[in-house]
Amino acid sequence: MVKELIKMIKLTVLLYIICSLGYTFLIWGIGKIAFPFQAGGSIVYKNSKPIGSMLIGEKFTSPYIFNGRPSYAGNGYNGTESGASNFAPTNGKYIAAEKKLIDKFLKENPSVKKGRVPVDIVTGSGSGLGPYISIAAALDQVPRISLLTGIPKTVLYKLVKRNISYRKFGIFGTPGVNTVKLNLKLSSLIRKYNFKIYKLVFKGLI
């Protein structure tokens, strides 16, 4: 009995080392070598300083750039407090909050007709951290950004279309636009067309 028990303990320890530690370090090592950017958290740097991640949205509120989905995660896109609002669709507070978000979006983007507001731009994601918005939500913001920055709408439409993330392998996920990536690209355009606004919006940020 004692010998059998010792064998079982040894086998358990061996399997733990192989399956828990060995497998973990193997996958981590492969990731660091084959996909260093993704394995490192998809961190975006400026002047060697981290300014964000492609995996987590930012609280973009400036009228000069593309705004993302609202977040109910702690203090707005706080990675330590991921979560949704947990309100039922019929909850009075939720309905009132949504009405405010819709009215705000329509006021900022008058070219969008009432009843045609993309659902995702006025509702939070399940995690509250999602950086993606729908293609329609991005395109609807082009007229506003063009008017305020002086960048031609045709240039901005091309910018959005070049940064669309399509379904993986044609079947997984939903086509959308990463607002962190999109605003990084937009910052270069604003710097080219309107340096004064670039300094106002992006100084020390992107």
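These are my notebook entries on what I looked up in this structure, which is a predicted model.

**Entry: the nonpolar patch on α1**

I began with the surface and asked which residues make up the nonpolar patch. I found Leu 5, Met 8, Ile 9, Val 13, Tyr 16, Ile 17, Leu 21, Phe 25 and Trp 28, which together make a patch of about 970 Å². I then looked up one of these residues, Ile 17, and placed it in helix α1, which runs over residues 2-34. Ile 17 has a relative accessible area of 43%, and I noted it as partly exposed, because that value falls between the 20% limit for buried and the 50% limit for exposed.

**Entry: salt bridges in α3**

How many salt bridges are there? The count comes to two, and I went through them in turn.

In one of them I found Asp 103 joined to Lys 99, with the closest N and O atoms 3.1 Å apart. These two residues stand four apart in helix α3 (residues 92-108), so Asp 103 and Lys 99 are separated by about one helical turn. I also checked how open to the surface the partners are: Asp 103 is partly exposed at 35% relative accessibility, whereas Lys 99 is exposed at 53%.

The side chains of Lys 104 and Glu 108 meet in a salt bridge as well, at 2.9 Å from N to O. I noted that Lys 104 and Glu 108 both belong to helix α3 and that they, too, lie four residues apart, about one turn of the helix. For Lys 104 I read a relative accessible area of 43%, which makes the residue partly exposed, and for Glu 108 I read 27%, which is again partly exposed.

**Entry: the positive patch of α6 and α7**

I next asked where the residues of the positive patch come from. Lys 158, Arg 162, Lys 181 and Lys 185 gather on the surface as a patch of positive charge, and α6 and α7 (179-193) each supply at least two of the patch residues. I followed up Lys 158, which lies in helix α6 and is exposed, with a relative accessible area of 53%.

While in this helix I also looked at Lys 161, whose place is in α6, residues 153-162. Is Lys 161 buried or exposed? Its relative accessible area is 54%, so I entered Lys 161 as exposed. I then set Lys 161 against Thr 61: the two are 100 residues apart in sequence, and their C-alpha atoms are 22 Å apart in space.

**Entry: the three-stranded sheet**

I turned to the open sheet, where I read three strands in the order β3-β5-β4, paired in the antiparallel sense. The edges are taken by β3 (132-133) and β4 (164-165), each of which has a single partner strand, so one side of each is left without a neighbour in the sheet. I looked at one pairing in detail and found that β4 joins strand β5 (residues 176-178) in the antiparallel sense over two bridges. Within this part of the sheet, Ser 165 stands opposite Gly 176, a residue of β5.

**Entry: two loop residues and their distances**

Last, I looked up two residues in loops. Ser 48 sits in the loop between β1 (43-46) and β2, and I entered Ser 48 as exposed, because its relative accessibility is 71%. I took Lys 114 as a point of reference, 66 residues from Ser 48 along the chain, and found the two C-alpha atoms separated by 44 Å.

Gly 79 is in the loop that runs between β2 (49-53) and α3. At 47% relative accessibility I entered Gly 79 as partly exposed, since a residue must be over 50% to count as exposed. Between the C-alpha atoms of Gly 79 and Asn 91, which are 12 residues apart along the chain, I read a separation of 26 Å.

How values were computed: Residues are numbered from 1 along each chain as its sequence is written. This is a predicted model: local features need pLDDT of at least 70, side-chain atom pairs count only at pLDDT 80 or more; totals for chains, interfaces and linings use all residues. Side-chain values use heavy atoms; hydrogens and water are left out. Buried means under 20% relative accessible area, exposed over 50%, partly exposed in between (1.4 Å probe, protein chains only). Patches are made of residues with over 30% relative accessible area and no salt bridge: like charges are joined within 9 Å, nonpolar side chains (Val, Leu, Ile, Met, Phe, Trp, Tyr) within 5 Å. Accessible areas come from the Shrake-Rupley method with a 1.4 Å probe; for residues, only the protein chains shown count as cover. A salt bridge is a side-chain nitrogen of Lys or Arg within 4 Å of a carboxyl oxygen of Asp or Glu. Lys and Arg count as positive and Asp and Glu as negative; His and the chain ends are not counted. The place of a charge is taken as NZ of Lys, CZ of Arg, CG of Asp or CD of Glu. Two strands pair if DSSP finds at least two bridges between them.
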